[in-house]
Amino acid sequence: MIGNPVLAASGVTCLYGSRTGCADVSLEVHPGEILALAGESGSGKTTVLKALSGQLKPAAGRVLYRDAGGAELDVHALTEGRRRLLMRTELGFVHQNPRDGLNMAVSAGANVADRLLSGGERGYGRARSAALDWLGRVEIPADRLDDRPGRYSGGMLQRLQIARNLVTAPRLVFLDEPTGGLDASVQARLLDLIRDLVATLKLAAVLVTHDLAVARLLSQRLMVMKEGMVIESGLTDQVLDDPQEPYTQLLVSSILEA
Ligand SMILES: Nc1ncnc2c1ncn2[C@@H]1O[C@H](COP(=O)(O)OP(=O)(O)O)[C@@H](O)[C@H]1O
Ligand SMILES: [Mg+2]
């Protein structure tokens with residue numbers, strides 16, 4: 001990897017049978033940086049995120065992750081066990097639908113503590129107090145700790161999912177439309193929370209969004225996807241203020257009109 005990116009993907013192509021999910025995607029994510037992937041529904045954003053995070057094996061291309069010890073790991077060449085451990089510790093993944101990222105059968109507190117325990121923490125008491133601390137940081141009241149997530153609102157579910165991911169102090173977090181489907185006011189508060197956490201923890205993140213306003217607020221760099229390919233990329237402000245591709249111009253003008 002050139003420089004010191006925490007993640008570097010080259011030529012990543014993913015297929016679903018004969019359908020292309022994404023084609024020839026290359027990118028780097030540097031420590032402390034938020035990279036946004038934007039594009040309309042079906043443009044391949046989630047597919048790229050799954051390939052980057054090791055959940056979907058590309059038909060071609062490579063994903064390299066630099067781990068906490070400085071070793072370069074080929075994410076898709078790891079054994080299943082090592083890949084899973086990485087996912088439970090150094091990497092986080094906040095799903096678009098919180099139900100995909102949470103265990104709905106156990107309490108909110110257990111959702112957070114369990115990730116620590118499955119990542120190797122042996123002290124149950126320590127896991128529980130770390131869970132408590134994190135639920136406080138995402139503004140979930142202590143008296144809701146023992147509730148099952150099914151009783152939470154959409155915004156709370158997303159905050160719980162964030163706590164569950166961040167409790168292991170990951171170095172790189174993947175966020176798939178983290179504020180999609182929420183009311184505007186709930187969305188604004190969640191975006192503030194994400195921005196504060198990412199800055200405080202100096203996290204690197206790949207953020208998927210179809211909403212360019214979200215990309216503007218959170219990311220330093222932006223890649224625009226269309227039909228599985230990256231068609232434009234650069235500094236977020238530059239791309240949004242002066243889009244070069246007609247498709248990006250269309251996306252930008254449609255948020256201005258919205
Ligand atoms: N599990 C799947 N099986 C078949 N096709 C899929 C599957 N998931 C996604 N696709 C297709 O891959 C393309 C990219 O989808 P996706 O990555 O989900 O886009 P986005 O997240 O930008 O909405 C679309 O054409 C979609 O229909
Ligand atoms: Mg998607």
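# Exercises on a predicted model

Ala205 touches Ile34, Val173, Leu175 and Val198, leaving out residues up to four places away in sequence. Keep in mind that this is a predicted model. Now for some exercises.

**Exercise 1. Which residues have the most contacts inside the largest nonpolar core, and which helix gives the most to this core?**

Start with the size: the largest nonpolar core has 73 residues. Next, pick out the residues with the most contacts inside this core: Ala36, Leu52, Trp134, Ala163, Ala205 and Val206. Then look at the helices: α6, residues 154-166, gives the most to the core, with six residues. Ala205 from the opening is one of the residues with the most contacts there. As background, nonpolar side chains tend to be buried together in soluble globular proteins.

**Exercise 2. Find Leu102 and decide: is Leu102 buried or exposed?**

Step one is to locate Leu102, which sits in the loop between α3 (98-101) and α4 (108-118). Step two is to count: Leu102 has 22 C-beta neighbours inside 10 Å. The cut-off for buried is 20 or more, so Leu102 counts as buried. Step three is to list the contacts: setting aside neighbours within four places in sequence, Leu102 is in contact with Asn111, Pro149, Leu157, Leu160, Gln161 and Arg164. For a sense of distance, try Ser10: it is 92 residues from Leu102 along the chain, and the two C-alpha atoms are separated by 31 Å.

**Exercise 3. Work out the strand order of the open sheet of four strands, and place α1 against its strands.**

The order reads β2-β1-β4-β5, and the pairing is antiparallel. At the edges you find β2 and β5 (72-74), each pairing on one side only. On average, neighbouring strands here are turned by 25° against each other, direction ignored.

Now go pair by pair. Strands β1 (residues 7-16) and β4 (residues 60-66) are joined by five bridges. In that pair, Leu7 stands opposite Tyr65, and Ala9 stands opposite Val63. Moving on, β4 and β5 pair over three bridges, again antiparallel, with Tyr65 opposite Leu73. The two strands make a hairpin with five residues between them, and Gly70 in the turn has a positive phi of about 90°.

Last, the helix: α1 lies across β1, β2 and β4, running at about 120° to β1.

**Exercise 4. Which residues are around ligand 1, and which element gives the most to the shell?**

List the residues: Tyr16, Arg19, Gly21, Gly39, Ser41, Gly42, Ser43, Gly44, Lys45, Thr46 and Thr47. Sort them by type, and you get one nonpolar, eight polar and two charged. Then assign them to elements: β2 (19-29) and α1 (45-52) each supply at least two residues. The top contributor is α1, with three residues.

**Exercise 5. Trace the open sheet of six strands and say which strands are at its edges.**

Read the order off as β6-β7-β8-β3-β9-β10, with mixed pairing. The edge strands are β6 (91-94) and β10 (229-235), and each pairs on one side only. Neighbouring strands are turned by 15° against each other on average, direction ignored. To finish, zoom in on β9 (residues 221-226) and β10: six bridges join them, and they run antiparallel. Within that pair, Met225 stands opposite Val230.

Key. Residues are numbered from 1 along each chain as its sequence is written. Chains are lettered from A and ligands numbered from 1 in the order in which they are written. This is a predicted model: local features need pLDDT of at least 70, side-chain atom pairs count only at pLDDT 80 or more; totals for chains, interfaces and linings use all residues. A residue is near a molecule or strand if its C-beta atom, placed from the backbone, lies within 6 Å of it. Ala, Val, Leu, Ile, Met, Phe, Trp, Tyr, Cys and Pro count as nonpolar, Asp, Glu, Lys and Arg as charged, and the others, Gly among them, as polar. Two strands pair if DSSP finds at least two bridges between them. Axes are lines fitted to C-alpha atoms, for helices over the stretch in contact, and angles run from 0 to 180 degrees between N-to-C directions. Two residues are in contact if their C-beta atoms, placed from the backbone, lie within 7 Å. A nonpolar core is a set of buried Ala, Val, Leu, Ile, Met, Phe, Trp, Tyr and Cys residues joined through C-beta atoms within 7 Å. A residue is buried if 20 or more other C-beta atoms lie within 10 Å of its own, exposed if 12 or fewer, and partly exposed in between; C-beta atoms are placed from the backbone.
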